[in-house]
Amino acid sequence: MLQSAQADGASRNGNVVLRIQGAAKTYASQSGSCTALLPVTSEVRAGEFISLVGPSGCGKTTLLKMCAGLITPSAGTITFGETGKSIAPGEFGFVFQAPALLPWRTVLSNVALPADILGLDKAAATERARALLATVRLAGAEEKYPRELSGGMQQRAAIARALLHDPDILFMDEPFGALDAMTREDLNMELQRISQKQHKTVLFVTHDIEEAVLLSDRVFALSAGPGRLVETIDITLSRPRSLSVKASPEFTRAVARIRALLNREETLP
Ligand SMILES: Nc1ncnc2c1ncn2[C@@H]1O[C@H](COP(=O)(O)OP(=O)(O)OP(=O)(O)O)[C@@H](O)[C@H]1O
Ligand SMILES: [Mg+2]
């Protein structure tokens with residue numbers, strides 16, 4: 001059911017949207033250089049949901065930001081589709097660990113923000129922002145300010161904002177890390193619904209192995225010190241998945257396998 005099995009559905013048949021070829025990162029600083037990530041080679045196909053899991057400091061954010069073109073690899077390349085270039089800002093949305101909403105703007109105007117940055121039509125963007133707020137179940141919160149929302153609501157607004165310009169790819173860096181378990185499960189289901197319905201390709205960083213298995217078509221397991229892609233695990237559980245899938249033997253097996261992989265790597269010299 002797991003590793004090396006062919007995932008079901010169309011996702012694995014999509015075109016390659018990101019081609020990662022020997023991409024590595026060494027940060028240079030005054031105190032010396034830090035190898036964050038050893039060369040990674042893989043690809044991401046249209047419509048796939050991929051999670052990056054691994055211990056703190058193993059290079060998950062580094063890999064995600066390199067895929068989004070926010071930082072450049074020290075070696076290797078990451079190219080978008082058939083262009084041979086890195087991804088353009090209009091092609092992706094990025095959800096950070098903290099919602100990072102602007103406190104002086106209303107929720108509606110926060111969600112419409114990418115229109116200002118990308119120079120899109122304002123009226124159309126506002127219209128779309130309203131529709132997206134309804135999609136993330138925040139209808140009625142348009143004129144509120146971020147401080148008036150709960151943490152989970154703010155994170156939903158941040159997801160709506162990342163979808164504003166209808167990007168094909170969503171990069172999400174531990175978007176639910178600060179939330180309580182119940183809110184997190186609600187948002188997991190919400191994210192599955194949106195990504196499936198809108199055919200998004202998602203790269204999702206999490207510390208939580210169960211969250212990764214619940215949501216993903218494939219899980220990239222990274223080891224620490226310096227980061228290395230240890231294995232890619234296929235998750236072939238059928239979709240849509242409900243929270244009850246967590247009790248299934250396939251789910252439990254996948255979680256145990258990834259946990260063993262990461263623990264084994266942690267104990268290696
Ligand atoms: N701008 C930077 N300058 C120097 N070193 C950095 C920089 N950003 C990250 N690093 C180092 O690179 C390594 C990987 O960092 P990264 O943020 O990618 O890890 P991570 O897996 O996302 O960790 P976490 O789960 O804690 O968010 C770490 O050792 C970190 O200290
Ligand atoms: Mg990180």
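How many of the 13 residues of helix α5 are buried? The answer is 10, so to speak of α5 as mostly covered is fair. Before going on, please note that this is a predicted model.

Let me stay with α5. The helix runs over residues 151–163. At 1.5 Å a residue, its 13 residues should span 18 Å, and the C-alpha atoms at its ends are 19 Å apart, which agrees. Its buried residues begin with Gln 154, Gln 155 and Arg 156, go on through Ala 157, Ala 158, Ile 159 and Ala 160, and finish with Arg 161, Ala 162 and Leu 163.

What do these buried residues pack against? The helices are α2 (107–111), α3 (113–118), α4 (122–135) and α6 (181–197). The strands are β5 (92–95) and β6 (169–173).

That brings me to strand β6, where Leu 170 lies. Leu 170 is buried: 23 other C-beta atoms lie within 10 Å, and the cut-off for calling a residue buried is 20 or more. Leaving aside neighbours within four places in sequence, Leu 170 is in contact with Phe 92, Gly 93, Val 95, Ala 162, Lys 200 and Val 202. Ala 162 is also among the buried residues of α5. Leu 170 and Ser 216 are 46 residues apart in sequence, and their C-alpha atoms are 13 Å apart in space.

Next, the sheet. Three strands form an open sheet, in the order β2-β1-β4, with antiparallel pairing. The edges are β2 and β4 (75–80); each has a single partner strand, so one side of each is left without a neighbour in the sheet. From one strand to the next, the twist averages 20 degrees. In general, strands of a sheet pair through backbone hydrogen bonds. Here β1 and β4 pair over 5 bridges, in the antiparallel sense. One pair to look at is Leu 18 with its bridge partner in β4, Phe 80.

Last, the ligand. Which residues surround ligand 1? Going along the sequence, they are Tyr 27, Ser 29, Cys 34 and Ala 36, then Gly 54, Ser 56, Gly 57, Cys 58 and Gly 59, and finally Lys 60, Thr 61 and Thr 62. By class, this shell has 4 nonpolar, 7 polar and 1 charged residues. At least two shell residues come from each of β1 (16–29), β2 (32–45) and α1 (60–67). The largest share is that of α1, with 3 residues. Strands β1 and β2 have already appeared in the sheet, and they turn up again in the shell around ligand 1.

Definitions and conventions: Residues numbered from 1 in each chain as written. Chains lettered and ligands numbered in written order. Predicted model: local features only at pLDDT ≥ 70, side-chain atom pairs only at ≥ 80, totals over all residues. Helix = DSSP H or I, 4+ residues; strand = E, 2+ residues; numbered from the N terminus. Expected span 1.5 Å × (residues − 1). Buried ≥ 20, exposed ≤ 12 C-beta atoms within 10 Å, placed from the backbone. Contact = placed C-beta atoms within 7 Å. Near = placed C-beta within 6 Å. Nonpolar A, V, L, I, M, F, W, Y, C, P; charged D, E, K, R; others polar. Pairing = 2+ DSSP bridges. Axes fitted to C-alpha atoms, helices over the stretch in contact; angles between N-to-C directions.
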